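User: Could you take a close look at one part of this structure for me, the strand pairing, and walk me through how the pieces line up? I'm new to this, so keep it relaxed.

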Amino acid sequence: MKRLLLAALLVLAPLGAETYVIRNATIMTVAKGTLKGSIVVKGGKIADVGATVMEPADAKIIDAAGQYVIPGIIDCHSHIAADGGINEGSVSVSSMVDIQDVINPEDIAIYRALAGGVTTANILHGSANAIGGKTLPLKMRWGKDAQGLIFEGATPGIKFALGENPKRAGNPAGGRGAPTVPARYPATRMGVEDTIREAFNETKVYKAEWDAYDAKAAKGEHPIPPRKDLKLEALKEVLEGRRYVHVHCYRADEILMMLRVADEFGFKIRTLQHVLEGYKVAREIAAHGAGASTFSDWWSYKVEAFDAIPYNAAIMQKKGVVVSLNSDDAELMRHLNSEAGKAMKYGGLSETEALAMVTLNPAKQLGIDNRVGSIEVGKDADLVVYDKFPLSDYAKVQKVLIDGNIYFDRDNEVSGRAARQAEKQKLIDKRQ
Amino acid sequence: MKKTVTALLLGCAFAAAQQRPAVAIRNAKIVTVSGPVISKGTVVVRDGLIEVVGENVAAPADAMVVDGEGLTVYPGLIDALSTWGQPGAPAAPAAATAGRGGRGATTTPPATPSPLAATAAVPPARGPEDRPFTTSWLKMADEVSAADPRIERARSAGFTTAASFPTRGIFAGQGAIIDLLSDVQPGVMVLAPSLGQYISVTRAGGGGGMGGGFPGSLMGYIAYIRQIYLDAAHYQLVKDAYAKDPRGMERPAYDRALEGVLESKRILLPANRRVEIDRMLRFAAELKQPAILYGGRETFRPEAAALLKKYNAPVLLSMRWPERPRDADPEEVESMRTLETRDKAASAPMVLESAGVKYAFYSDGLDQARDLQRAVKKAIDRGLPREAALRALTLSPAEIYGVADRVGSIEKGKIGNLVVTRGEIFDDRTKVEMILVDGRKYAPAANPAPTGGRGATTDDPGVNP
């Protein structure tokens, strides 16, 4: 049995087929400083990092002379690679829906994210409602099927949202054509809080029912199980600490509200997303243990996003919050490296601290820092090779490895363009 | 009472017999589908059944003899997924799934009201508990009507049989195999009453993520379907316990939505893109429901066909191959995906054939002989053997629905559904000479009125596609 399990684990493990040595690079490990040297990639993992390494005989050599290697970028807030809408905005609590059901591995945004050095992204439900749908991190394994993208073993999440979006009662139920249909509750920030509270009150009752049943079943009795409710099941997992809560928020007051509600119901907020006024309540955020995932310098797109400063990320970090910079956008996702660079300008973070905001910190926030986020022996070989200093706008991604497999190669991409264009032209000509 | 029933039955039998004299088609080429082609033979249909078929068969003395010189006899064509027999139903079930690409995002426009299209103004659903867009209890067998004018058009194109489903809603209802008869009691049309549940992930009238009630997104549809199956399992559990010993137990409320789901022996799920095929096959496995996929547009991709093979799931292929819209913007730069799909879609049957996947064609609103011919020809041009094309419209759908003991080929004892043509059935100059449905003889309509094309909701002979 044990052997079987082991075999199964081996099959599940994302094994890279090739052994690589990336030579002569400037390696920004994030965890252990920056050094000049080589990385050995074997079996999908980082086997060795250092100024000098033992190069396995069968290794393929990637000469990165004059180039830089960083850990794969992790985007803690993305909406790519999902089919058929990212909002189930019809109801105030949509925790029954799951992004995992609608993964679209053929979304070209995945490939483009790869070209921007992203190897893992937290694919979130939208912010249309107070409690949104279930979410999960994906690896950008372009070419694999939906299951093949899932970051195996990662704790799944759920999206909450505060403020303008969930209280937008102006969404007429029934669409624009049917303005007479009553609008969705809530219409105020108070209502958003109430919606979340009510959902957890309901969940507590549901959880008690199931706990009672589980206790009886454990004693060998055979009672009829309670009805399984997908909406409450997800929130039960939150109460049991088996599902991370990612909260879309802007204003300091609603951030404090959310932290208090979570404390009261006995669960943790894993990350605050956007959190543009986080700098005002950084100490409280740190005390709760929540991470903060924000934009570098994107704000004023709506009234609740006005009181923002570019120092937000650095200030929160200095107050003891684990901070990441995210994209929330398929385009911004392609240059998160330069977003991180802005944290050096605004707030005076070091190169490593800035880079950590798009690598190790989001990995910590997603609970996957044992696997990814830095260049350390034993971690997944998710690596990005840049031609220039990676926090610069001028840096271009040369190669991206995930699990030790090359998923993006700039040379192949560029040299293949003519052939792809010709193939397309052939089809266009055929059209008529 | 009993006497009356007997008398009625006798009356019916008599009337039926009057309409159905024995018919013998002799000296014809007979393409049996299940066996070898008989280059010159006779087939006799009596009392609605194929009495005998073979080379050296004498026409019975009482039979109406048709000289088959120069004619070919085929099994009646079967539309593997249809709305025929439902006046007022949408012309084609939409295999639409939310997302990108071609016709994928089609929604069916609302139809004129009919029992199968009960779309009364109801408040938007607040969640799965409101059972949105669910009429799982609806049975096509109960709703079928010979008054649907599309029946005559389809028959004139060589169709004798259809797997007809209610198609409005998420759990739209249960399909039936019907014979395309005119002027009969509806019950006579039904060959097999319970084919399974038609499931869709779109709804008439639109609605989106930001309003319109639950569900408004693809993940919402999926969550809803999943919840329904969880509820059905729980409902069954409680019902069984109550049946065993009702004393002292709270009576479970009767839930017609769950009853309809529980009595459906298989589900039809929409899937066009490879991603959708993967998603729906996994979903059906999770729900532990035998599934048939419909749409199948990207099954020309070998990896999609391999998935179907892996899950041993049949697929119903729309015969409406994707085409560039006539009013397309000439400046529009289409994606490689769109171009490739349009270019290769018609090779799907050949790819499925090679992969050993069970598939059948469905008309998807096509019911004009020439349109069908053109559609089949496109697949044949892509390498599909003619016999395989014929099978995908006869025996294969019969096998997929488990009615191959009744229809789908010309064999002794099977139902007398035949189409007689001058020329090979899918050639463009071929003329349908005669159609036998359930042993009843029909001539093709001289000039069948054109349909309104895809999405047309009613019989409106004035509307051209």
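Analyst: Let's start with a term: two strands count as paired if DSSP finds at least two bridges between them. Keep in mind that this is a predicted model.

Now go to chain B and find strand E5(B), residues 72-75. Strand E1 of chain B, residues 23-30, pairs with E5(B) in the parallel sense, over two bridges. Within that pairing, Lys29(B) stands opposite Thr72(B). E5(B) also pairs with strand E16 of chain B, residues 418-422, this time in the antiparallel sense and over four bridges. Thr72(B) turns up here as well, standing opposite Thr421(B) in E16(B). To trace it on screen, pick out Thr72(B), then look for Lys29(B) in E1(B) and for Thr421(B) in E16(B).

For a wider view of strand pairing, hop over to chain A. There you'll find an open sheet of eight strands with mixed pairing, in the order E6-E7-E8-E9-E10-E11-E12-E13. Strand E6(A), residues 73-78, and strand E13(A), residues 323-325, stand at the edges; each has a single partner strand, so one side of each is left without a neighbour in the sheet. On average, neighbouring strands of this sheet are turned by 25 degrees against each other, ignoring direction.

Inside that order, zoom in on E8(A), residues 131-139, and E9(A), residues 157-161: they run antiparallel and are joined by three bridges. One pair to look for is Ile131(A), which stands opposite Phe160(A) in E9(A).

Terms used:
Residues numbered from 1 in each chain as written. Chains lettered and ligands numbered in written order. Predicted model: local features only at pLDDT ≥ 70, side-chain atom pairs only at ≥ 80, totals over all residues. Axes fitted to C-alpha atoms, helices over the stretch in contact; angles between N-to-C directions.
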